[in-house]
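Me: Could you take a close look at one part of this model with me? I would like to follow a single strand, its partners, and the loops that come after.

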Amino acid sequence: MWRRRTALAALLALVSVLGCSSSPAKSDGAAGATGTAGSTGTGGATGSGGSGGSGGSGGSGGSIGGDCTPLTNYAEASHLIVDVGWPAGTASMKGSGQLHIWGKAVFTPSGNTLTGTLQACGIVLPATTLTALGGGGMILIEVPTAAWDAPSMPHFQVDGTQTGPNIGDTLNYGWAALVGFTMDNAATAAWPTSNTGITMTNDAEGDNHPGLTSIPRSGTGYTLPPTSILQMSRADQLYIVTRQVTSVTLTRTACDETSGSATFTHLDNHVIGCHVMGASDCMPTEANFIDQNRAIYDITGATAKTKIIDASATCADVRAALPM
């Protein structure tokens, strides 16, 4: 998150936007063959009529791959893998890598209409490399995994459609996820160019800091972000906000699994505050320096997988169900 293009949302913002895809045509059963007529008996007697052929079996009532039991209410884990690149910055080098985003959705189908809620359940970011001007070393921003199961973590509306509940059927759904703040017209509003444009913040995980607290890794080649070009102090906590507006197009590969593609309308973030190592919270100018030098991502592609899980599953269960 050291230099990211606003284009990350949950996380954040674990993440799942809408569309409708037609299902494959279902073949009808072949008609049964008609029995041959009986031949005429000798001496003018009429022969017995031939027996009728058995009727053909009906076509499959499900989709092309097999039938699954329709569910009235279910939970699923999701894992998005996002390929990104980022340009060189004042103190960072050009690079590329992958983001991993997990979420837990709870759906209530009505026919082939899907409605539900989504909870962000994890994110893994790629490391960026600092130039000599930035002091060298790598920056890797991590969100503690325990944060995702905090009772205060938000839930988001998910809407979409499916062509059916069976293997081979398709699903389209999406969501807009804001973590650490709120904004009007979340799915379409322009993203603020500065962290000062984020005004309606909240405490996502309930740790008495605004936004979502992330921890830069330190040691063994990793370094903390400097709070100014002079590098006189470094931040050991970053308070971030994220927006993720995402849609997925999936195919059922098993009764309890899907896979397909993901499209990000927005994947945005800002650093709205920080904590100086060995001291107190950053001054606004220090937080702004880190924000203006965060990694700015270009998304080059994204895939998605889901798996049905128990309704009581935690975010730790979500990540274990669909690991990296």
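Reply: Happy to. Let's settle on strand 8, residues 170–179, in this predicted model. Of its 10 residues, 9 are buried, so the strand is largely enclosed by the rest of the structure. Buried here means under 20% relative accessible area.

Now for the partners. Strand 7, which covers residues 155–162, runs antiparallel to strand 8, and 5 bridges join the two. If you want a spot to find this pairing on your screen, look for D159 of strand 7, which stands opposite G174 in strand 8. Strand 8 also pairs with strand 10 (residues 235–254), again in the antiparallel sense, over 10 bridges. A handy marker for that pairing is T170, which stands opposite T251 in strand 10.

Next, the loops. Between strand 8 and strand 9 (212–216) there is a loop, and N185 is found in it. The backbone at N185 deserves a glance: its phi is near 50 degrees, a positive value in a residue other than glycine. With 59% relative accessibility, N185 counts as exposed, since the cut-off for that label is over 50%.

Carry on to the loop between strand 9 and strand 10, and you will meet Q231. Q231 is another non-glycine residue with a positive phi, near 60 degrees. Its relative accessible area is 27%, so Q231 is partly exposed.

To pull it together: strand 8 is largely enclosed, with antiparallel pairing to strand 7 and to strand 10, while N185 sits exposed in the loop between strand 8 and strand 9.

Note on methods. Residues numbered from 1 in each chain as written. Predicted model: local features only at pLDDT ≥ 70, side-chain atom pairs only at ≥ 80, totals over all residues. Heavy atoms only, no water. Buried < 20%, exposed > 50% of the residue type's maximum accessible area, 1.4 Å probe, protein only. Helix = DSSP H or I, 4+ residues; strand = E, 2+ residues; numbered from the N terminus. Pairing = 2+ DSSP bridges.
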